[in-house]
Amino acid sequence: MAKKNARVHALEGAEMTAEGLSYKGVILETVVEQCDGCERAVDFEGKNYCPSYAQPAKKWSHSVCNFATHVRAGVDKEGKVKVNPLKASKRAARGR
Ligand code: SF4
């Protein structure tokens with residue numbers, strides 16, 4: 001029996017086109033450095049793409065990606081947004 005919360009770790013039906021990787025009618029851009037460690041990033045023909053967000057660079061240009069599984073945004077004493085890595089135990093608990 002399939003696991004209830006199992007994530008899709010493949011870009012099923014994705015196709016490489018002249019414009020880029022086409023997935024569900026959207027052209028995906030490759031993930032950026034900040035995505036390193038995120039469980040949503042999926043390898044397709046040697047490059048990593050994000051099925052949750054087509055333009056990872058744009059997602060990170062505003063603040064911390066809210067879909068990220070490896071980090072979470074926090075606010076420090078000066079009110080600046082900080083990137084807080086999630087501990088492995090918290091990441092595991094999220095999957096429950
Ligand atoms: S969910 Fe966010 S952090 Fe994770 S791969 Fe996609 S864009 Fe990057």
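**Strands, an aromatic pair and two buried side chains**

Gly74 has Lys82 in strand 7 as its bridge partner. In this predicted model, that pairing belongs to an antiparallel arrangement in which strand 6 and strand 7 (residues 81-85) are joined by five bridges. The two strands make a hairpin, with five residues between strand 6 and strand 7. Within the turn, Gly79 adopts a positive phi of about 90°.

The hairpin takes its place in a protein chain with two helices and seven strands. Read from the N terminus, the order of elements is β-β-β-β-β-α-β-β-α. Of the 96 residues in the protein chain, 28% are buried. Among contacts with a separation of 6 or more, 36% involve residues 24 or more positions apart.

A further set of strands forms an open sheet, three strands in the order 1-2-3 with antiparallel pairing. Strand 1 (15-16) and strand 3 (26-28) each have a single partner strand and stand at the edges, so one side of each is left without a neighbour in the sheet. Strand 2 (residues 21-23) meets strand 3 through three bridges, again in the antiparallel sense. Here Tyr23 is placed opposite Val26 of strand 3. In general, the strands of a sheet pair through backbone hydrogen bonds, in a parallel or an antiparallel manner.

Attention now turns to the aromatic side chains, of which the structure holds one pair. The partners are Tyr53 and Phe67, in a tilted arrangement with 6.3 Å centre to centre and 45° between the planes. The pair links distant parts of the chain, 14 residues apart. Tyr53 lies in the loop between strand 5 (47-49) and helix 1, while Phe67 lies in the loop between helix 1 and strand 6 (71-75). Tyr53 counts as partly exposed because its relative accessibility is 27%, a value that falls between the limits of 20% and 50%. Phe67, with a relative accessible area of 29%, is likewise partly exposed.

Both aromatic residues are also touched by Lys59, a residue of helix 1 (residues 56-62). Leaving aside residues up to four places away in sequence, Lys59 touches Tyr53, Cys65, Asn66 and Phe67. What makes Lys59 worth a pause is its setting: Lys59 is buried yet has no salt bridge. The nearest side chain of opposite charge belongs to Glu29, 13 Å away, whereas a salt bridge would require a separation within 4 Å. The side chain of Lys59 does, however, make a polar contact of 2.9 Å with the side chain of Asn66.

Thr69, like Phe67, sits in the loop between helix 1 and strand 6. Thr69 is buried because its relative accessible area is 4%, and the limit for burial is under 20%. A polar atom of the Thr69 side chain lies 2.7 Å from the backbone nitrogen of Glu39. Glu39 is also one of the residues that Thr69 touches beyond four places in sequence, along with Gly37, Cys38, Arg40, Leu86, Arg91 and Arg94.

Taken together, the loop between helix 1 and strand 6 holds Phe67 of the aromatic pair and the buried Thr69. Helix 1 itself contains Lys59, whose side chain is in polar contact with that of Asn66.

Note on methods. Residues numbered from 1 in each chain as written. Predicted model: local features only at pLDDT ≥ 70, side-chain atom pairs only at ≥ 80, totals over all residues. Heavy atoms only, no water. Helix = DSSP H or I, 4+ residues; strand = E, 2+ residues; numbered from the N terminus. Buried < 20%, exposed > 50% of the residue type's maximum accessible area, 1.4 Å probe, protein only. Lys, Arg positive; Asp, Glu negative; His and termini not counted. Polar contact = N/O pair within 3.5 Å; in protein donor to acceptor, adjacent residues only side chain to side chain. Contact = heavy atoms within 4.5 Å. Pairing = 2+ DSSP bridges. Phe/Tyr/Trp six-rings, centres within 6.5 Å; stacked < 30°, edge-to-face > 60°.
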